[in-house]
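Welcome, and please have a look at the model below. A short tour of its surface, its interface and a few backbone details follows.

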Amino acid sequence: MKKILKRSFPKDKISPQQESEAGERTTELSRSLQQNIEQISDLTGHSSDITVRAFEGPYQLSMAVVYLNGATDIEMINDHIIKPILSAAEANPDSEEDLADSFTLIQKKILTVGATNTKMRLPELIQALYNGNAVILAEGWDRGMTANCAKWEHRSVVEPSSQSVVRGPKDGFTEDINTNIALIRRRIKSPNLWKIDRIIGRITQTDVSVLYLKGVARDSVVNELLKRLDRIDTDSILESGYLEEFIQDQTFTLFPTLINTERPDSVAGAILDGQVAVLVDGTPFVLVLPVTFFKFFIASEDYYERFDISTLLRILRFSALTISMLLPSLYIAITTFHQELLPTTLLVSLAAQREGVPFPAFFEALMMEITFEILREAGIRLPRVIGSAISIVGALVLGQAAVQAGLVSAAMVIVVAFTAISSFVVPALNIAISARLIRFILMLLGATLGMFGIMSGLLFLLIHMSGLRSFGIPYLTPLSPFVPGNWKDAFVRVPRWMMTTRPRLIAAENGIRQKSNLQPEPPETEEKKGTKR
Amino acid sequence: MEKISKYQLGTMIILFLIGSTPLFELGIKAKQDAWLVVITGMLIGFLLVLMFLAIQRREPDHTLVQILIQYFGPYAGKFVGWIYVVSFAYESMRNVRDFGELTIMTILSRTPIFLIMLILMLLSIYAIYKGMEVFFRVAEFLVGGVIFFYLVLVVMYFITGVAQPDKLLPVLENGIRPILQESLSRSIWFPFGQMMVFLMFWSHLDDKKKLSGTSIRAYFIAGFVIFLMNTTTLIVLGPQVADISTVPLLQAVQLIQIPGIFERFDVLVILLFYSGIFIKATLWFLAAVLGLAQLFQTDYRRFVFLVGALIYLTAFIPPNWQSHLEIGTIVAEKFMLNPILLGIIPGLLFVIMLIRGRGKRAG
């Protein structure tokens, strides 16, 4: 099997280093300021947002600050780089013979910015420039100094649009990775919250951070993740979705094996369970791994609401996903193959509805499902202002009019509408998308082989899911493999005081979360009163 | 080597033994005492299970084929090993054909049988190709649902009042003889003696200490479910109807009616039947493939397609279901397949193991 795949997809022989040929001309900095600046502007294609500010430093040293306009804080450059150097220049106006230590002098005694660094090679210097550093150069220096003045434009922290809650924190991740890390750190103030950084993407140079709780997360998972991250050699990472496809266990599956979320509280909760978070700069969607199938049905609100209603809601979500996968195919199978399964009165009413419909049930369902998918896609792209037009067209024209025109039966409209609504119940959007795809396959199976086809399809899915793993964790944990201890937070959600251990297999061994006798009790005095009565 | 957990082993034993057994009325030759046949079959079959377990415990890291080669010598051992591999494939083939015929009979009357059997075979191949561990996890997933649905059926029998326990009377009308005869000739071998197939899988258990406990518990849970379904079918249909019916469980379930809401529970039966046969056919198939791989000492995935194709093609040999059943009876009774493979050879093996074991200890 593997051999065949290899043969049909030969590895591309193109070297990934093509783009950096420009940087190979001269990598060393020269001692001439003028030459260095020219080289920088040559290498950056004379881009107009590279700003060079030349001035005279102490001991009549001619200097320049180079920075990327828009990526840096200009006030900071003015106040903490240029101003201190100029005032030092006023204090020491005379030229001195020995300028050898001017570099350390400026770095240690004059500059008032936070982080400075020394770069010996030109490509590094330019990279630092594009990361939002101000680069300080001077006549006679064979090295450049970088000072971190990065200030990218970013959105402020607002409520996440894709996962809103009634009760619970309302802040969401932003596109800025440092803000996102701060949002998590604010929730877990522990030195054990470790952060490992990687820069991925040869061109985009995207910051990627791995966040986990040392001692709680499994080292094997973290190591495996880092191994997979280090293996990536691509030109760009623009969103965590890019990364997801590189690091997931299996690509050819309908099921997501990583969860993504916009909610800092979900991520914090996941980290406390021993999961690992992967943050990517430039997107509010944080990846969480490893996950199991049942994690997709957990909303962070489950932990804030009462446990009984949370349990009920989880069961409801399972049923909703099942409905959104199965309902149209079951309807097709029953109306085409197994009419005897329906109670007689229902059968008669269905038959009466379908009397004037010219198409077979499968075609009817397919038509309506596709219509719905189109409506939904249009709804996302449509400008808000004309959004209401879509609902009118969708509901009245395509729903009611289609029934009246005798194109589809009313029952089919109900089935499709119910399916559509059900698919929005599941909190994780990516598993709902899987259900959408599976729905069409099952409809086809139901139309050709009836119940038998649907069952075969489901059995296939079951075998497939049993074989799936997310970073080594079987996908259907805790059901198969059966892990009784994890049931407390999978289908049901037990009260907080009963969650004494962290989930096994996901968290490291020996995961005791809290003391085991934390059940709240009425105060002693109340009890005594009761006995007196 | 792939490892399976005690839960996976236990659930697989339960599903494998249940298989499609509750669909048919075990021991109906003993008329209204069929339920006693199940109990005696289960208890006598337990002795066989104890022997299989004893064999496994003497060689905890080896499968049946490896043990045979070790104790019968390379030639005789391999020969017997081949017989077992063929018999496993044969059992799988029987399940596949049963499945095709019953599906056509019950839900898809106009679909060609080759398609139905092909789909089942492809699913089996897929499951085995994914690996033993994955297949055992499938069983783990299904077991809860299967037992739950069987219990639902039992509860429904009683709620709707179709169950009439007095159909079991008179107990022991013809004495104990027909019961013993029936259980010794049939029910201890099918399904209970088929526990033998786990000699191919027990060595994969990750915690060897749990071997006997898990297996015995699972054996009795499965036995209880079979007994329950057997008895309820009997008290719903009565011995006469149960005897002539092709699929007694289906017929019994069709009597359940809660007017207006649930009038047909057939789907549930088909569901149970599907999962039962799938598990059973695939496990026999897997045993055959594993045995073959151990005879040739290579990876078992190499043989999946070959054995699968053979099982699929041989399933077409009987021209119709009647002859399929007839062949089954001939093989089982004329050639004494079950007693020889499930009783005599393992017994012989065990005796040799005992003698050799003593010899070793003495030496």
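On chain B, a nonpolar surface patch of about 530 Å² is made by L169(B), V171(B), L172(B), I176(B), L180(B) and L184(B). Patches consist of residues with over 30% relative accessible area and no salt bridge, with like charges joined within 9 Å and nonpolar side chains (Val, Leu, Ile, Met, Phe, Trp, Tyr) within 5 Å. Accessible areas come from the Shrake-Rupley method with a 1.4 Å probe, and for residues only the protein chains shown count as cover. One of the patch residues, L184(B), sits in helix α7 (residues 177-187) of chain B. L184(B) counts as partly exposed, at 45% relative accessibility; buried means under 20% relative accessible area, exposed over 50%, and partly exposed in between (1.4 Å probe, protein chains only).

Before going on, a word on the basis: this is a predicted model, where local features need pLDDT of at least 70, side-chain atom pairs count only at pLDDT 80 or more, and totals for chains, interfaces and linings use all residues. Residues are numbered from 1 along each chain as its sequence is written, chains are lettered from A and ligands numbered from 1 in the order in which they are written, and side-chain values use heavy atoms, leaving out hydrogens and water.

Now to the interface. Chain B and chain A bury about 2,800 Å² between them, 75% of it on carbon and sulfur atoms; buried area is the accessible area (1.4 Å probe) that two parts lose on being put together, summed over both. Y126(B), R137(B) and F141(B) supply 22% of the area that chain B buries against chain A, more than any other three residues. The contact (heavy atoms within 4.5 Å) takes 32 residues from chain B and 28 residues from chain A. Across this interface the rule finds 1 salt bridge, a side-chain nitrogen of Lys or Arg within 4 Å of a carboxyl oxygen of Asp or Glu. E133(B) forms a salt bridge with R469(A), with the closest N and O atoms 3.5 Å apart.

Two cis peptide bonds are worth a visit:

| Peptide bond | Omega | Place of the proline |
|---|---|---|
| L289(A) to P290(A) | near -10° | loop between β10 (286-289) and α10 (307-336) of chain A |
| L169(B) to P170(B) | about -5° | loop between α6 (132-160) and α7 of chain B |

Helices (H or I, at least four residues) and strands (E, at least two) are DSSP runs, numbered from the N terminus. L169(B) also belongs to the nonpolar patch.
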